[in-house]
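Let's take a walk through a protein model together, starting where its chains meet and then moving on to its charged side chains. Keep the picture open as you read.

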Amino acid sequence: MNLERLPNEEKLGLCRKYYLIGFAFLPFLWLVNVVWFFQEAFIKPAYSEQLQIKSYVKRSALGLLVWVTVLTTWITIFQRFRAEWGEVGDYISFTIPLGTP
Amino acid sequence: MASSDSDDGIYTERTALVPAPSYRPNDTPTTRNRVNAPRGGASAADGRVLEAEEEEEELTLKYGAKHVIMLFVPVTLCMAVVVATIKSVSFYSEKSDQQLIYTPFTENTASVGRRLLNSVLNSLVMTSVIVIMTVFLVLLYKYRCYKFIHGWLIVSSLMLLFMFSFMYLGEVFKTYNVAVDIPTVLVLVWNFGAVGMICIHWKGPLALQQLYLILISALMALVFIKYLPEWSAWVILGAVSIYDLLAVLCPKGPLRMLVETAQERNEPIFPALIYSSAMAWTVGMATPSDTQRSDTDEEAEPQSHVTTSPEGDQEEERGVKLGLGDFIFYSVLVGKASVTADWNTTLACFIAILIGLCVTLVLLAVWRKALPALPLSVTFGLVFYFSTDFLVRPFMDSLSDHQFYI
């Protein structure tokens with residue numbers, strides 16, 4: 001799918017859909033949205049829909065940032081305190097490392 | 001682990017090489033006709049038409065060469081992922097007692113003859129399953145049961161993107177002995193799978209779609225490497241490439257019929273599960289083609305179709321399309337070589353497959369019709385594997401034993 005070939009309204013529609021679907025716990029989709037539409041939103045010469053595309057890209061980037069922060073914090077806490085949580089820690093673990101730390 | 005039928009559907013139909021829009025077989029024959037007809041006519045006009053024709057041929061050949069190179073990258077990437085996984089994650093090279101239901105005969109037999117017989121029988125079972133699946137899918141396509149095909153494709157890719165990647169992730173974490181919590185894994189797999197579904201079946205950046213296709217081919221190849229018994233895998237590779245040859249080139253072959261039906265209906269053939277080296281279809285096409293696209297995805301497997309791009313409103317980039325089954329079986333070959341043999345053999349197989357692919361693409365440029373991509377590459381690969389393993393390696397070993405450098 002090549003963005004060049006799409007008319008501007010369709011580009012806007014696509015960007016918007018990506019933004020909305022990203023709310024279903026899909027920060028990766030927001031990342032794809034930001035990267036893919038970055039050139040369209042910020043580098044290309046202005047056209048009528050560009051302002052809206054820009055806002056969607058910015059909001060996707062914001063959402064992505066929030067998710068990254070939350071995930072990083074959670075992973076750090078988990079890795080640091082997993083051993084101390086005992087049974088609860090094991091319960092929410094997917095893989096448990098073998099051997100002694 | 002018994003794979004479901006949908007798995008079969010995926011790999012069955014994926015071995016195909018399609019010279020996408022770049023070659024327009026419809027165009028050149030007609031110009032040729034026009035040239036031949038007016039014999040005594042204005043020689044200048046003839047000359048010009050001839051020139052134009054030659055130029056067009058040159059252009060297509062040059063384009064073809066460019067796209068050959070463009071196919072090398074994804075094929076290499078797929079094989080690299082498979083080999084890297086096998087070398088690092090031991091799970092995929094451990095033999096398990098579980099076998100796919102498609103290979104019912106065991107290889108733990110007392111005698112060599114019995115084992116050989118069992119592997120041949122296994123490959124017969126597997127090949128017949130593939131044939132039945134292909135014929136079934138061709139019939140579905142012929143009778144326009146698009147909804148069914150669409151649903152089947154979605155289920156198959158769901159399984160690949162979620163279940164197999166979940167398994168894969170679990171094994172990678174176990175190998176590196178890291179503790180991972182369930183919420184994180186769920187988020188990771190959900191993101192990977194959902195974005196994959198969106199890119200493959202709906203709209204997404206081309207590079208990401210290509211990457212996903214490569215990854216799911218690699219995952220599928222890893223599953224095969226893990227669950228196919230040793231000798232059966234080699235015999236199956238041979239059998240599937242023979243089947244590919246027959247199915248694509250014989251007039252009544254299912255894949256050929258599929259190509260022809262799609263051409264008659266002027267539809268793009270299975271865009272989503274064929275890897276294309278460039279955007280091959282016009283964006284301006286109406287929606288009926290969209291639904292058919294996703295349908296034909298998985299079916300497109302062992303197909304080499306010629307897609308003469310429907311003369312679209314917009315110009316399209318030309319490209320060559322390679323079925324995902326080709327990726328899968330190439331990677332299975334190289335992966336099995338890396339499991340059981342050393343790096344010499346692995347690299348030899350890799351080179352052999354690329355050479356086969358190159359030759360196939362040259363033939364594609366010459367013949368301008370859909371060609372099976374498996375037979376040549378797999379033949380070279382098998383020849384190189386067995387000769388390197390049994391001849392070259394002991395030779396190199398004894399050379400280095402005796403410190404004799406050549």
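In this predicted model, chain A and chain B bury about 2700 Å² between them, and carbon and sulfur atoms give 67% of that area. On the chain A side, the residues that lose the most area to chain B are Met1(A), Arg5(A) and Phe94(A), which together make up 30% of what that side buries. Try finding these three in the picture before you read on.

How many residues does each chain bring to the contact? Chain A brings 30 residues and chain B brings 33. Within chain A, helices H1, H2 and H3 and the strand E1 (93–95) each supply at least two residues of the side that touches chain B. The largest share, 6 residues, comes from H3(A). Sorted by class, this side of chain A has 23 nonpolar, 4 polar and 3 charged residues.

What about contacts between polar atoms? Across the interface of chain A and chain B there are 12 residue pairs in polar contact, counting pairs with both residues at pLDDT 80 or more. Salt bridges across this interface, on the other hand, number 0. The two chains also share a strand pairing: E1(A) and strand E2 (residues 180–181) of chain B run antiparallel over 2 bridges. In one of these strands, E2(B), you can find Val180(B), the bridge partner of Thr95(A).

Now for the salt bridges. Over all chains, the structure holds 9 of them. One joins the side chains of Glu4(A) and Lys44(A), with 3.6 Å from N to O. These two residues sit 40 residues apart: Glu4(A) lies in the segment before helix H1 (8–21), while Lys44(A) lies in the loop between helix H2 (27–43) and helix H3 (50–81). Glu4(A) is exposed, with a relative accessible area of 52%, and Lys44(A) is partly exposed at 24%.

A second bridge connects Lys11(A) and Glu40(A), at 3.1 Å from N to O. This pair ties helix H1 to helix H2 of chain A, across 29 residues. Are its members buried or exposed? Lys11(A) counts as buried because its relative accessibility is 5%, and Glu40(A) is buried too, at 2%. Glu4(A), Lys11(A), Glu40(A) and Lys44(A) are in fact linked in a network of salt bridges.

Chain B offers an example as well: the side chains of Glu107(B) and Arg115(B) meet in a salt bridge of 3.1 Å, N to O. Here Glu107(B) is buried at 7% relative accessibility, whereas Arg115(B) is partly exposed at 23%.

Methods. Residues numbered from 1 in each chain as written. Chains lettered and ligands numbered in written order. Predicted model: local features only at pLDDT ≥ 70, side-chain atom pairs only at ≥ 80, totals over all residues. Heavy atoms only, no water. Salt bridge = Lys/Arg side-chain N within 4 Å of Asp/Glu carboxyl O. Helix = DSSP H or I, 4+ residues; strand = E, 2+ residues; numbered from the N terminus. Buried < 20%, exposed > 50% of the residue type's maximum accessible area, 1.4 Å probe, protein only. Contact = heavy atoms within 4.5 Å. Buried area = accessible area lost by both parts, 1.4 Å probe. Polar contact = N/O pair within 3.5 Å; in protein donor to acceptor, adjacent residues only side chain to side chain. Nonpolar A, V, L, I, M, F, W, Y, C, P; charged D, E, K, R; others polar. Pairing = 2+ DSSP bridges.
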